[in-house]
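Biologist: Can you put the model up and take me through it? I'd like to start with the overall layout and then ask about details.

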Amino acid sequence: MEVLKVIIASLLSAAALFLIAKIIGHKQVAQLEFFDYITGITIGSIAAELATTLDKPWWKPTISMFAFGAVTVGLSVAARRMPRSRKYINGTPTIILNNGKLYRSNMKKAKLELSEFLLLCRQEGYFNLNDIQTALFEYNGKLSILPVSTKRPLNPEDIKLNPQPENIGTELIMDGRIMGENLKRKGLSDEWLEKEMKKQGYKSAKEIFLGICYDNNELTLFGLNN
């Protein structure tokens, strides 16, 4: 009976914390999802109580921690299998600014002060609100900004360019050792590598901390620190 009471109390407190976090708003959550945020705080508090109150029954806070963990896992599974439930669990993005219009009601809904909104804009590199087409306050407490078309970065398509795709560099030398398999994968030989090392002033791979080969067989070498 005591175990059931602890589990019920844990579930009720989890629900209460969830509602409180919703009322506080997204800005308190930072980069965590709602239930990760409140569960982390609660489990930490319970664990601290377990570690300090040795004279009390240890199994109650232990069961409570497992109950909170089970609720978190259950909500995560529900959000993954039932996409419609995500807006109730995590929340939804809120439009703060769009087409030159600042939505005061949405700011109140998101518990976002005007000064905080301006701060988030500056942190994203926008000091002039006229440069912003749309600003969304995400459920994780971050601000996503779509700039106006004349202020966004220039893309190759804008000037009719079709650049070749870039690939990730391949490590050919690490900690003074030649990565033979990577060298073969790139279709290169030991002779080619030795020649390239000498071009850059290295006598052997033992003098090199890291060597990376990029597109067009461009080899970048970093010497070992003495």
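Modeller: What follows is a short walk through this model, which is a predicted one.

Biologist: Fine. How many helices and strands are in the chain?

Modeller: The chain has 8 helices and 8 strands. Of its 226 residues, 31% count as buried.

Biologist: And the surface?

Modeller: The accessible surface of the chain is about 15,600 Å², and 57% of that belongs to carbon and sulfur atoms. As for contacts between residues at least 6 apart in sequence, 49% join residues at least 24 apart.

Biologist: Let's do the sheets. What is the strand order in the one with strand 1?

Modeller: That sheet is open, with 4 strands in the order 2-1-3-4 and antiparallel pairing. Strand 2 and strand 4 (143-147) are the edge strands, each pairing on one side only.

Biologist: How many bridges hold strand 1 to strand 3?

Modeller: Strand 1 and strand 3 (residues 132-137) pair over 4 bridges, with Ile95 opposite Leu136. On the other pairing of strand 1, strand 2 (residues 101-102) joins through 2 bridges, and there Leu97 has Leu102 as its bridge partner.

Biologist: What happens in the turn between strand 1 and strand 2?

Modeller: The hairpin of strand 1 and strand 2 has 2 residues between the strands, and Asn99 takes a positive phi near 55 degrees.

Biologist: Is strand 1 largely enclosed or open, and why?

Modeller: Strand 1 (residues 94-98) is largely enclosed by the rest of the structure, because 4 of its 5 residues are buried.

Biologist: Now the strand 4 end. How many bridges there?

Modeller: Strand 3 and strand 4 pair in the antiparallel sense over 5 bridges. Ile132 in strand 3 stands opposite Pro147 in strand 4.

Biologist: Which helix lies across this sheet?

Modeller: Helix 6 (residues 114-123) lies across strand 1, strand 2, strand 3 and strand 4, and runs at about 60 degrees to strand 4.

Biologist: Which residues have the most contacts inside the largest nonpolar core?

Modeller: That core has 14 residues, and Leu112, Phe117, Ile132, Ala135, Phe137, Leu143 and Ile145 are those with the most contacts inside it. At least two of its residues come from each of strand 1, helix 6, strand 3 and strand 4.

Biologist: You've mentioned Ile132 twice. What does Ile132 touch?

Modeller: Leaving out residues up to four places away in sequence, Ile132 touches Leu97, Cys121, Tyr126, Ile145, Leu146, Pro147 and Val148. So the list includes Pro147, which is also the residue opposite Ile132 in strand 4.

Biologist: Cys121 is in that list. Buried or exposed?

Modeller: Cys121 is buried, at a relative accessible area of 1%. Cys213 also counts as buried, with 0% relative accessibility.

Biologist: How many disulfides?

Modeller: The count is 0 disulfides, taking sulfur atoms within 2.5 Å as the cut-off.

Biologist: Moving on. What is the strand order in the other sheet?

Modeller: The order is 6-5-7-8, in an open sheet of 4 strands with antiparallel pairing. Strand 6 (177-178) and strand 8 are its edge strands, and each pairs on one side only.

Biologist: How do the pairs in there line up?

Modeller: Strand 5 and strand 7 pair over 4 bridges, and Ile173 stands opposite Gly211 in strand 7. Strand 7 (residues 208-213) and strand 8 (residues 219-223) pair over 5 bridges, where Leu210 stands opposite Phe222.

Biologist: And the turn between strand 7 and strand 8?

Modeller: There are 5 residues between the strands in that hairpin, and Asn216 takes a positive phi near 60 degrees.

Biologist: One polar residue to finish on: where is Thr170 found, and is Thr170 buried or exposed?

Modeller: Thr170 is found in strand 5 (residues 170-174). Thr170 is buried, because its relative accessible area of 15% falls under the 20% cut-off.

Biologist: Which residues is Thr170 in contact with?

Modeller: Setting aside neighbours within four places in sequence, Thr170 is in contact with Asn182, Lys186, Gly211, Ile212 and Cys213. Among them, Gly211 is the residue that Ile173 stands opposite, and Cys213 is the buried cysteine from before.

Terms used:
Residues numbered from 1 in each chain as written. Predicted model: local features only at pLDDT ≥ 70, side-chain atom pairs only at ≥ 80, totals over all residues. Heavy atoms only, no water. Buried < 20%, exposed > 50% of the residue type's maximum accessible area, 1.4 Å probe, protein only. Pairing = 2+ DSSP bridges. Contact = heavy atoms within 4.5 Å. Axes fitted to C-alpha atoms, helices over the stretch in contact; angles between N-to-C directions. Areas by Shrake-Rupley, 256 points an atom, 1.4 Å probe, with all protein chains shown as cover. Core = buried A, V, L, I, M, F, W, Y, C linked by side-chain atoms within 4.5 Å.
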